[in-house]
Amino acid sequence: PHRPMLCVVEGAAYLEFTQRRFFVRQRVLKYSYGELVLFTEKKAREHGVDEEHIARNRFGGKVDNCFHVIAHKGQRIAANEIITKIGYRCNPFQKQLTSKIY
């Protein structure tokens, strides 16, 4: 080629605009992601929640502010992969749920 550097730039631009969606296939998570949930005391212990945390956040047989992991640090997530978790309401009269992802 007459201008080799220009060929490289043109190739990079072509790749960026035409095949970008195929370029990144997966990524490795830098952090763990999860949400704060309400566990029963038994489930909190099964998930390894500290006894001190259980004692401080216990009410009515439930433990509040337990971190439930959705995706772990270092986990590989494919492009367009969706991770879902099932949640349950605390009582039958509950009409809405707010979830914050951390």
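Four salt bridges are counted in this predicted model, a salt bridge being a side-chain nitrogen of Lys or Arg within 4 Å of a carboxyl oxygen of Asp or Glu. Residues are numbered from 1 along each chain as its sequence is written. In this predicted model, local features need pLDDT (the predictor's confidence in each residue, from 0 to 100) of at least 70, side-chain atom pairs count only at pLDDT 80 or more, and totals for chains, interfaces and linings use all residues, while side-chain values use heavy atoms, with hydrogens and water left out.

A good place to start is Glu 41. Its side chain meets that of Arg 45 in a salt bridge (3.6 Å, N to O). Arg 58 also forms a salt bridge with Glu 41, with the closest N and O atoms 3.3 Å apart. Arg 58 lies in strand β3 and Glu 41 in helix α3, so this pair ties together parts 17 residues apart in sequence; helices (H or I, at least four residues) and strands (E, at least two) are DSSP runs, numbered from the N terminus. Glu 41 is buried, at 19% relative accessible area, whereas Arg 45 is partly exposed, at 39% (buried means under 20%, exposed over 50%, partly exposed in between, with a 1.4 Å probe and protein chains only).

Next comes the sheet. Its three strands form an open sheet in the order β2-β4-β3, with antiparallel pairing (two strands pair if DSSP finds at least two bridges between them). Strands β2 and β3 stand at the edges, each with a single partner, so one side of each has no neighbour in the sheet. Phe 59 has Lys 62 in β4 as its bridge partner.
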